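Welcome! Grab a pencil, and let us work through a few exercises together, one step at a time.

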Amino acid sequence: MNILVTGGAGYIGSFASHRLIERGHHVVVYDNLSTGYKEFLHPKCKFVLGDIRDRELPARVMKDNKIDLIMHFAAKTSVPESIDNPLDYFENNSFGTMNLLQNCLKAGVKKMIFSSTAAVYGDTRKDFVSETDELMPINPYGESKVFGERMISHVHAAQGISAIILRYFNVAGASLDNQLGQKNPKANHLFHHLTETALGRQATMAVFGNDYPTVDGTGVRDFIHVEDIAHAHILAAEKLMNETNYLQTFNCGYGQGFSVLQALKTMEDVSGNKIPYEVLKRRPGDPAKVLALADKIKSELQWTPKYNDLKVICKTAFDWKNRPTS
Ligand SMILES: NC(=O)c1ccc[n+]([C@@H]2O[C@H](COP(=O)([O-])OP(=O)(O)OC[C@H]3O[C@@H](n4cnc5c(N)ncnc54)[C@H](O)[C@@H]3O)[C@@H](O)[C@H]2O)c1
C-alpha cells in the first residue's frame, strides 16, 4: 500500500512509519517538523516538508505518490497549551483535519486512520469508557479532536470516505532497540517528567493533585506502550484496504490503570534512582481517572497487546532518555 503519514516525524507517527515500511508498505511522511525530527525518518520513506493547513500541497502529494490511505497523526498535543492558546489548537487540529479531508476528496483518496484521544471523553466519572459513551471534552485539545472525528463521520456519510478513528489513551515508552522514542523537550507528558527527574536533569517533578477519588489520591491513567499503538495502526490499515464504506471508532488502551505515584515508584525501581516530587493543586482540565474499555479493537481488528507491562513502559522510556546522544 502507498500510505501518507501526516506527523510521521513525530513520536507515534515515526513508530507507525517504521513498522509499516518493515511490513513492505510504501510510506510518504508529510510533516512541518514543528515537533517532529528528521532523524526519526526511516531511510526508505519519502519525506515532504509540508503543513496540513496548506490548501494545495497535500492533494498534490497524494496524487503524485498514488496514495491509497492516509494515517493522520499531525496535531498539536499539549492539554495545558491548548487551555492557554485554544485557537491554535482549533486551527491546527480541527481546521488542519478539515483541509486534509478536502485534499483527500480532491485527490480521490478515500481511506483514513485518524489519531484521536481519550481526552474526547472528558471527566466521565465511570471506571471504564467505551466508544459509545458521550463525548464531553473538558479542554480545547479534546474539543479539537472531537471536531476532527465529527467531520470524518459526516464526510463518510456524504462522500463515502472509509475511516478508522483510534482513540489512544496515555501513550508512553520507546522502542526496545532504543532507536525511537519521545524526543520533544516541550512534551508535557508524565513520562517526560519521570525520566528527566530520574536522570537528575530536573530537580523535582510536580504531581498535580493528591485528592482525587483514586487509589492514592493521584490521577489514574491507562498507559499504553507506543509499539502496541503502532501495531493497531498496521491492523487498521490492513482492515481498511479490504473494506469500502466503513467507519469505526476504537479505544486503544489496556483497560488497566496506574496512578501517577504508582508510575513514579515503578520508574524509581527500573532506574534505580530516586524521583523527588512535590504535590501541587489539581490542574484544570485533568480528569481523575481515564481507563479504556478496549474489547472492540480486540475483536474487530484482532489486536493483541504485546507490551502490557508498566515496567517495560518505564524501562524503555528510561533507557531512551538515558541513551548517549540524548
Ligand atoms: N502521545 C499521546 O499520549 C497521545 C495520546 C492520544 C492521542 N495522541 C495523538 O497522536 C498524534 C501524534 O502525537 P505524538 O505524541 O506523536 O505528538 P508529536 O508532537 O510527537 O507528533 C506530531 C507530529 O505532527 C507534526 N505536525 C503538527 N502540526 C502539523 C501541521 N500543521 N502540519 C504538518 N505536520 C504537523 C509535528 O511536527 C510532529 O511531527 C496526535 O494527533 C495526538 O493528538 C497522542
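The exercises below explore a predicted model, moving from charged pairs to packed helices and then to a single helix and a methionine.

**Exercise 1. Find out how many salt bridges the whole structure has, and work out what the pair E56 and K106 ties together.**

Step 1. Start with the total: searching the whole structure gives 16 salt bridges.

Step 2. Now pick out one of them. E56 and K106 join through their side chains, with 3.9 Å from N to O. A salt bridge needs that distance to be within 4 Å, so this pair qualifies.

Step 3. Locate the partners. E56 sits in the loop between β3 (46-49) and α2 (57-64), while K106 belongs to helix α4 (residues 86-107), so the bridge ties together parts that are 50 residues apart in sequence.

Step 4. Check the surroundings. E56 is partly exposed at 49% relative accessibility, and K106 is partly exposed too, at 45%.

**Exercise 2. Decide where D319 and K315 lie, and whether D286 is buried or exposed.**

Step 1. Begin with D319 and K315, whose side chains form a salt bridge at 2.8 Å, N to O. Both residues are in helix α10 (residues 310-321), four residues apart, or about one turn of the helix.

Step 2. Recall a rule about helices. An α-helix has 3.6 residues a turn, so residues three or four places apart point the same way.

Step 3. Add the accessibility: D319 is partly exposed at 26%, and K315 is partly exposed with 38%.

Step 4. Turn to D286, which forms a salt bridge with R283, also at 2.8 Å from N to O. The cut-off for buried is under 20% relative accessible area. D286 has 17%, so D286 counts as buried, whereas R283, at 26%, is partly exposed.

Step 5. Finish with a group: R19, E22 and E227 are linked in a network of salt bridges.

**Exercise 3. Describe how helix α6 packs with helix α8, and which classes of residue make up the contact.**

Step 1. Know what to look for. Two packed helices are described by the angle between their axes and the distance between the axes.

Step 2. Read off both values. The axes of α6 (residues 190-198) and α8 (residues 260-271) are 10 Å apart and make an angle of about 40°. That angle makes α6 oblique to α8.

Step 3. Note the handedness: the crossing of α6 past α8 is right-handed.

Step 4. List the residues that meet. From α6 come L190, F191, L194, T195 and A198; from α8 come V260, A263, L264, M267 and S271. Sorted by class, this contact has eight nonpolar, two polar and no charged residues.

**Exercise 4. Name the buried residues of α2, then find which residues M241 touches.**

Step 1. In α2, the buried residues are L57, P58, A59, V61 and M62.

Step 2. See what they pack against: β1 (2-6), β2 (26-31), β3, β4 (69-72) and α4.

Step 3. Look just past the helix. K66, just after α2, has a positive phi of about 45°.

Step 4. Move to M241 in helix α7 (residues 226-241). M241 is partly exposed, at 29% relative accessibility.

Step 5. Compare M241 with M62: they are 179 residues apart in sequence and 16 Å apart in space, C-alpha to C-alpha.

Step 6. Leaving aside residues up to four places away in sequence, M241 touches M1, D68, L69 and K111.

How values were computed. Residues numbered from 1 in each chain as written. Predicted model: local features only at pLDDT ≥ 70, side-chain atom pairs only at ≥ 80, totals over all residues. Heavy atoms only, no water. Helix = DSSP H or I, 4+ residues; strand = E, 2+ residues; numbered from the N terminus. Buried < 20%, exposed > 50% of the residue type's maximum accessible area, 1.4 Å probe, protein only. Axes fitted to C-alpha atoms, helices over the stretch in contact; angles between N-to-C directions. Parallel < 35°, antiparallel > 145°, perpendicular 65-115°, else oblique. Left-handed = near helix turned anticlockwise from the far one by under 90°. Contact = heavy atoms within 4.5 Å. Nonpolar A, V, L, I, M, F, W, Y, C, P; charged D, E, K, R; others polar.
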